[in-house]
Amino acid sequence: MTPISSWIFLCDFDGTISRTGLSDFLYGKFASCGMKYSDLWAQDRIGTKEEIEKSFQHISASKEEMEIALSGVPLVKGFVEFYEFTRQQGLDLIVVSDGLEWAIRFVLAKAGIENIKVMSNRVYFEPEGFRFEFPYFDPSHPKIGVCKVNIVKKFKQAEKKVILIGDGKTDIDATHAVDFVFARDALWDYCQSQGIPSHPYRDFFDILDFIRQTDLIN
């Protein structure tokens, strides 16, 4: 039996914790280029770093103006309860996202969630403009800013049992390295096609129900 403290949840944000993709939301509202670079990313023609940097070159809004807009973004049903469950059980829950840590933390804080680790790309608001850091970038995976499979492997090396929660293409590589996947949309289709141990979900209440009804983390 694996001690419950050995389990860790790595959870995507865009399309998972929030149905709204935060970067796309900001591009659509504030970037004069609109979704141009996001669309190129979706077509695999550019990587996340280029998408973010070029899109923000077309944004003149302030941090405060963008945060006012982000204030209306809701979380998927059950995430607050899932967050509380992991805290009560002593389970690690980390947000691992190819989006921007600032926007993620802002939206989570609006829902009362502040004490949570976020592994994501970073934007800094400086007098001369936006500055970006990509601390989880791996040049061997140039199309994504946060190499989730590398993050999974580090936790596995620390003898953690890893559960991934996600929905899309930035999660695909990691599914082959984790112990179990909660998947929806394109990620669920992929897990089914590859025979990856997984379970579908609509919201976090589904995930909580599955955990409570099975011996997944016992």
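This is a short dialogue on reading pockets, strands and one buried residue in a predicted model.

Biologist: How do I read empty space, and how much of it lies in the largest pocket?

Modeller: Rolling a probe the size of a water molecule over the atoms shows where empty space is left. Here, the largest pocket holds about 440 Å³. Its lining has 22 residues, and D14, G21, D24, W41 and T170 are the closest to its centre.

Biologist: Which elements give two or more residues to that lining?

Modeller: Four helices and a strand appear in the list: α1 (22–30), α2 (36–42), α3 (48–56), α9 (185–194) and β2 (92–100).

Biologist: What classes of residue line the largest pocket?

Modeller: Nine are charged, eight polar and five nonpolar.

Biologist: How much space lies in the second largest pocket, and which residues line it?

Modeller: That pocket has about 190 Å³. Its lining consists of D44, K143, I144, C147, K148, V149, K169, T170, I172 and D173. At least two residues come from each of α7 (148–157) and α8 (172–175). By class, five are charged, four nonpolar and one polar. Note T170: this residue lines the second largest pocket, and is also among the closest to the centre of the largest pocket.

Biologist: Now the strands. How many bridges join β2 to β3, and which way do the two run?

Modeller: Look for the bridges, then the direction. Four bridges join β2 to β3 (residues 117–126), and the two strands run parallel. One pair to find is L100 with its bridge partner N121 in β3.

Biologist: Where does the chain go between β2 and β3?

Modeller: Through helix α6 (residues 101–110). This gives a β-α-β crossover, and its hand is right-handed.

Biologist: Which way does β4 run against β3?

Modeller: Antiparallel, with five bridges joining β3 to β4 (residues 129–133). F125 has F130 in β4 as its bridge partner. The two strands form a hairpin, with two residues between them.

Biologist: So β3 pairs with β2 and with β4. Let's take a single residue. Is E101 buried or exposed?

Modeller: Compare its relative accessible area with the cut-off. Buried means under 20%. E101 has 16%, so E101 counts as buried.

Biologist: Where is E101 found, and which residues is E101 in contact with beyond its neighbours within four places in sequence?

Modeller: E101 is in helix α6. Leaving those neighbours aside, its contacts are V118, S120, N121 and R122. N121 is a residue you have met: the bridge partner of L100.

Conventions
Residues numbered from 1 in each chain as written. Predicted model: local features only at pLDDT ≥ 70, side-chain atom pairs only at ≥ 80, totals over all residues. Heavy atoms only, no water. 1 Å grid on protein atoms, 1.4 Å probe; cavity = no way out; pocket = protein on both sides within 12 Å on 5 of 7 lines; lining within 4 Å. Points joined across faces, edges and corners; volume = space filled by probe spheres on them. Nonpolar A, V, L, I, M, F, W, Y, C, P; charged D, E, K, R; others polar. Pairing = 2+ DSSP bridges. Right-handed = clockwise from strand over helix to strand, strands pointing away. Buried < 20%, exposed > 50% of the residue type's maximum accessible area, 1.4 Å probe, protein only. Contact = heavy atoms within 4.5 Å.
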